[in-house]
Amino acid sequence: MDGHNQGHASNRIDHGQNRTPFVRSDATLRLIFENTPDANLLIEEGLIFDCNQAAIEMLRYGQRKALLSLPTSELSPDVQPDGRSSSAKLAEVIAAAFLKGSQRFEWIAKRSDNTQFPAEVLLTSIPFEDRHILHAVFRDISRRKEAERELSRSRQKEDEFRAGQGRVLEMIARGETIENVLANLVTLIEAQSEGMLCSVLQLSEDGKYIRHGAAPNLPEIYVQAVNGAPIGPKNGSCGTAMFLGKPVIVTDMLTDPLWEDYLELAKLSGLRACWSTPIFSGSGQVLGSFAMYYRQPQAPTGTESRLTEVATHIAGIAIERKRAEEQLRTTQSELAHVARVTTMGELAASIAHEVNQPLGAIVGNADICLSWLDVGNPDLTQLREAIEDIANDGHRASQVILRIRSLVKKQAPEKRPLDLSEVAREVLELVSHEAKRKQVALSSVLGNELPLVHADRVQLQQVLLNLVMNGIEAMNDVDGRKPTLSVMTDRFGDGVIATVTDSGVGFESTKAEQLFKPFHTTKSAGMGMGLAISRSIIEAHGGKLWAEANQDFGASFRFTLPASREGRND
Amino acid sequence: MTEKPPVVIIVDDDASFRSFLVRLIGTVGLKTIQFSSAEEFLASAPPDCPACLVLDVQMPGLSGLDLQRQLADGRRALPIVFMTGHGDIPMTVEAMKAGAVGFLPKPFRNQDLIDAVKEGLNRDREARTKLAEENDLRKRYDSLTAREREVFALVTAGSLNKQIAHQLGTSERTIKAHRAQVVLKMQADSVADLVRMADKLGIGVGQH
């Protein structure tokens, strides 16, 4: 074995013995050869001419002579996992072994019973006299392969779990409904452990009651019973966890004292183990709870507490964000309401007059009727006419009140399909007296059959009212030209456009954007929020609001709105 | 001289309120004419009878106060009862200064309006009487000769016949004759009566 980096055993081979059986000369070497746990084979010209006990067992040949003289091709299936034929690949590695002295490679080997197993093969060429002898060592690597597969499976599962978390976070970022987000989160966590069911519960804003969150796979009767239940020191797993602000592990719901009051429900649900962990906000406030359930009594393991950590973290983000959005919406709608009431305040004198006018006639006519009745034997025709006038005026006064009531009332925005021209008509009615009072000529060109927009009526009225009132205000200090204000609505692309044009003081065209800044005001009484709020309303409806200086004088305010997907069906 | 029946002129842009006013004023047996704007009223013929305007302060176009001003500048000033939807003190003051009979915030008591309208009609009756008297007096004065007017002025200024004769360079007897003519033509009962007439006609001591 001169020069070759083979095992020390080969160095002891007797060069002097011609054609004598290889190795057999040395009993010690033979002993080692026979006892090594790897399968050892000696091959010459494609035939096995010697092997050890391990080879007989590994390849399942029962006895040595069954293996001897066997062609090596018998030890491989026809093709290897890469799709190439075993014989071609084998020819390559043998050639390489002769060339480089040895070759180590993975191989699918075949046993006598035609079963296959993965093996690591070390092929060593042994130059013995002029013969080409190969020493092959087979090591069964089935277990290692299985472990590798297992590892890759769990890595893949981990990757999938991560991707799942990413998807849920993306849903939160996209602003999907809290129900959807939490249901997806629960489904994701449930998929990580066989037989586990999960739920997310929310805590009511006052911190007293349980609100349903998501539990797509829990029994409906259980979900319904939990929704609205109070939290407390002995209120099942979730109610207690939220109350204490600490995880609550119940390994058997049927025996745990925390479930005493809910035993019937526990029995009905078919659930046994329930481990609940509170969900916290960034500032440490309890937002809800995340629970894991099993149908058998059991205690959590490390994997499950890791899953719980992920679930409570993501659910916390989702619930906190939903609350922040609700808060923002409430604030915005309150601000819009304040602005509306402020505008109505500016209109108060006009409104008072508009209500007073019919009221004055009502009171006066009623007095006339009474005096006729006092005198006795009244002219019934005259009496009837007067009472009819009273009724008409009463109706008229209530119409005025009706028009303003919705604008002053505090209510959550509600989007519906609306006709912009109809909204504009309502606003024009509302301001007609104010325009009269300020000697402003009011005109309108309202488009017919405009595409409907999906919008909140009160908020759209508010925007138009604000623009019209601003226009009237802008003409207060203008001398020498007749104050005129026009309101136009029309189609614009697929949607609609409204334009409010005045002949007032106008503005420098470079300052158009400043008008929309909060607290920008030119009025003594205004708070400077009107246009800023109007723009935020229009943008919340998917449109744009902007100002243009007119060519001659005055200003035009325009806004666009996209058409409602529901379309016109009236 | 028999008086023509008075008329109440209603100017208000609100039709239903107008119809109430017509009804109300009708209950005391007064005649009404109604207009929906100040412009419409100005385009109509002025009334030739005691009249009173019932006017809404706030109207599109010419406002109630504008109308008051225009009437004062041009045509015969009519007594005006103003009505307003909401009390505006500076406006009230302005209207009252310009001679408004009343300023009634809507809604008002029916009797208040009736009282104001009656007061307005009385004022207009007086004004018409005064105007008629003035016209009559002016007619009488116009019938005097130039010398008689000189004598009239001097007599009402308190000069004696002798002084007047001296001043006009004529005899005392001639002056006496002129003086008798003046008293006759002016239909005066006494010198004191003549003095009152001179005052009304704006003929005084300062004539010279």
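These are legends for a few close-up views of a predicted model.

**View 1. Chain A as a whole.**
Start with the overall picture: chain A folds into 15 helices and 17 strands. Of its 570 residues, 34% are buried. Take the contacts in chain A that have a separation of 6 or more, and 58% of them link residues 24 or more positions apart.

**View 2. How confident the predictor is, and where to be wary.**
The average pLDDT of chain A is 87, and 93% of the residues score at least 70. Which stretch stays under 50? That's residues 1–17 of chain A. For this stretch the model still has 17 contacts beyond four places in sequence.

**View 3. The side of chain A that touches chain B.**
Here 21 residues of chain A are in contact with 15 residues of chain B. Three helices of chain A each bring at least two residues to this side: α11 (302–375), α12 (380–408) and α13 (420–437). The largest share belongs to α11(A), with 15 residues. As for chemistry, this side of chain A is a mix of 8 nonpolar, 8 polar and 5 charged residues.

**View 4. The largest nonpolar core, seen around Leu182(A).**
This core has 50 residues, and the ones touching the most other members are Leu182(A), Leu185(A) and Ala315(A). Helix α7 (residues 178–190) of chain A gives the core its largest share, 7 residues. Zoom in on Leu182(A): what is it in contact with, once neighbours within four places in sequence are left aside? The list runs Val200(A), Gly213(A), Ala214(A), Ala315(A) and Ala318(A).

**View 5. A second core.**
Separate from the largest core is another one of 43 residues. Among its members are Ala336(A), Leu450(A), Val453(A) and Ile533(A).

**View 6. Strand β1(A) and its partners.**
Why is strand β1 (residues 39–44) of chain A largely enclosed by the rest of the structure? Because 5 of its 6 residues are buried. On one pairing, β1(A) runs antiparallel to strand β5 (residues 131–140) of chain A, joined by 6 bridges; look for Leu41(A) opposite Ala136(A) in β5(A). On the other, 4 bridges join β1(A) to strand β2 (residues 47–51) of chain A, again antiparallel, and Leu42(A) stands opposite Asp50(A) in β2(A).

**View 7. The turn between β1(A) and β2(A).**
These two strands form a hairpin with 2 residues between them. Check the backbone at Glu45(A), which takes a positive phi near 50 degrees.

How values were computed: Residues numbered from 1 in each chain as written. Chains lettered and ligands numbered in written order. Predicted model: local features only at pLDDT ≥ 70, side-chain atom pairs only at ≥ 80, totals over all residues. Contact = placed C-beta atoms within 7 Å. Nonpolar A, V, L, I, M, F, W, Y, C, P; charged D, E, K, R; others polar. Buried ≥ 20, exposed ≤ 12 C-beta atoms within 10 Å, placed from the backbone. pLDDT = per-residue confidence, 0-100. Core = buried A, V, L, I, M, F, W, Y, C linked by C-beta atoms within 7 Å. Pairing = 2+ DSSP bridges.
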